[in-house]
Amino acid sequence: MDSATSDTRATSATGGTAGSAGPSAPGGATERVPLARTTDNGLKIVVVGGFGVGKTTMVRSVSDIRPLNTEETMTLAGRGIDDRSAVPGKTATTVAFDFGRISLDERTVLYLFGAPGQERFWFLWDRLFSGTLGAIVLVDHRRLADSWYAIDRLEHHGTPFIVARNDFGGPPYTGAEVRDALDLDPHVPLVDCDARSRESSKGVLIALVEHLQRLAAATVPTAPETAT
């Protein structure tokens, strides 16, 4: 899958991706979207998964601001370390994390962190999971084994998550086949998405929030019945 930005965004004069909220500046660039002064509630979501599954693309597509990313050009030094056989066209990779932001209302903002996918950067994940409300495990159904470590670490931390199957084309697999291959618990939602699409990525975030709401409702203690 080629990396792409949101289908509702304009491209800046420097070739970067500009946020959809905010007026255009001279020269075709888009002004930075400031954080509202009334914002007092920040929520953190992490997007994890294997190498080249579309994490950076998802953060780019849905962020209200031009995302911060730490992509670096892949060089010959990574040959034999990073397996590019499934993504031969990939020329850059995240070496720390991606960061995006979505303003939900005047008081609440959602912070998105995209984790690096290569095994040599997995040591960063535990830090990224700290304070996380929930997570999205983005998967490529052609190489589901690349997602096992992400699911294992999230379960280890007790972090709620959903699984989003990114659209890379190829042979179709049923949801039941994917769930079985990943050994997902029945309560973990599995959704399909196209990480290049802002609307599709928003749908994944909504699915995660709905999952978190269900989990929260299930843990609310029931008031004891009073004798009459």
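This is a short conversation about how to read a predicted model, with strand β4 and its surroundings as the main example.

Colleague: Let's begin with the whole chain. How many helices and strands does the secondary structure come to?

Modeller: Five helices and eight strands. Keep in mind that this is a predicted model. Reading from the N terminus, the elements follow the order β-α-β-β-β-β-α-β-α-β-α-β-α. The chain has 228 residues, and 44% of them are buried. As for contacts between residues at least 6 apart in sequence, 71% join residues at least 24 apart.

Colleague: Which strands form the open sheet, and in what order?

Modeller: There are six, in the order β4-β5-β1-β6-β7-β8, with mixed pairing. At the edges you find β4 and β8; each has a single partner strand, so one side of each has no neighbour in the sheet. From one strand to the next, the twist averages 25°. Helix α5, residues 198-219, packs on this sheet and touches β1, β4, β5, β6, β7 and β8. The direction of α5 makes about 155° with that of β7.

Colleague: Back to that edge strand, then. Is β4 largely enclosed or left open by the rest of the structure?

Modeller: Strand β4 covers residues 98-103, and five of its six residues are buried, so the rest of the structure largely encloses it.

Colleague: And how do β4 and β5 run, and how many bridges join them?

Modeller: They run antiparallel, joined by six bridges. Together β4 and β5 form a hairpin, with four residues between them. To follow the register on screen, find Asp98, which stands opposite Gly114 in β5. Then find Ser103, which stands opposite Val109 in β5.

Colleague: What should I know about side chains in a strand?

Modeller: The general idea is that, in a regular strand, side chains alternate between the two faces of the sheet.

Colleague: I'd like to look at rings next. What describes a pair of aromatic rings?

Modeller: Two values do: the distance of the centres and the angle of the planes. In this model, a search of the whole structure turns up two aromatic pairs. One of them is Phe99 with Tyr111: the ring centres are 5.8 Å apart and the planes are at 25°, so this pair is stacked. The cut-off behind that word is an angle under 30 degrees. Phe99 belongs to strand β4 and Tyr111 to strand β5, twelve residues apart in the chain.

Colleague: Are Phe99 and Tyr111 buried or exposed?

Modeller: Phe99 has a relative accessible area of 19%, so it is buried. Tyr111, at 25% relative accessibility, counts as partly exposed. The cut-off for buried is under 20%.

Colleague: Which residues do the ring pairs link into a cluster?

Modeller: Phe99, Tyr111 and Phe113. A charged residue joins the picture here too: Lys44 lies over the face of Phe113, 5.0 Å from the ring centre.

Colleague: One last feature, the backbone. What is phi of Asp183 near?

Modeller: Phi of Asp183 is near 55°, a positive value in a residue other than glycine. You will find Asp183 in the loop between α4, residues 175-182, and β8, residues 190-193. With a relative accessibility of 63%, Asp183 counts as exposed.

Colleague: And the surface as a whole: what does the accessible surface of the chain come to?

Modeller: About 12300 Å², and 53% of that belongs to carbon and sulfur atoms.

Technical notes: Residues numbered from 1 in each chain as written. Predicted model: local features only at pLDDT ≥ 70, side-chain atom pairs only at ≥ 80, totals over all residues. Heavy atoms only, no water. Buried < 20%, exposed > 50% of the residue type's maximum accessible area, 1.4 Å probe, protein only. Helix = DSSP H or I, 4+ residues; strand = E, 2+ residues; numbered from the N terminus. Pairing = 2+ DSSP bridges. Phe/Tyr/Trp six-rings, centres within 6.5 Å; stacked < 30°, edge-to-face > 60°. Lys NZ or Arg CZ within 6 Å of the ring centre and 35° of its normal. Contact = heavy atoms within 4.5 Å. Areas by Shrake-Rupley, 256 points an atom, 1.4 Å probe, with all protein chains shown as cover. Axes fitted to C-alpha atoms, helices over the stretch in contact; angles between N-to-C directions.
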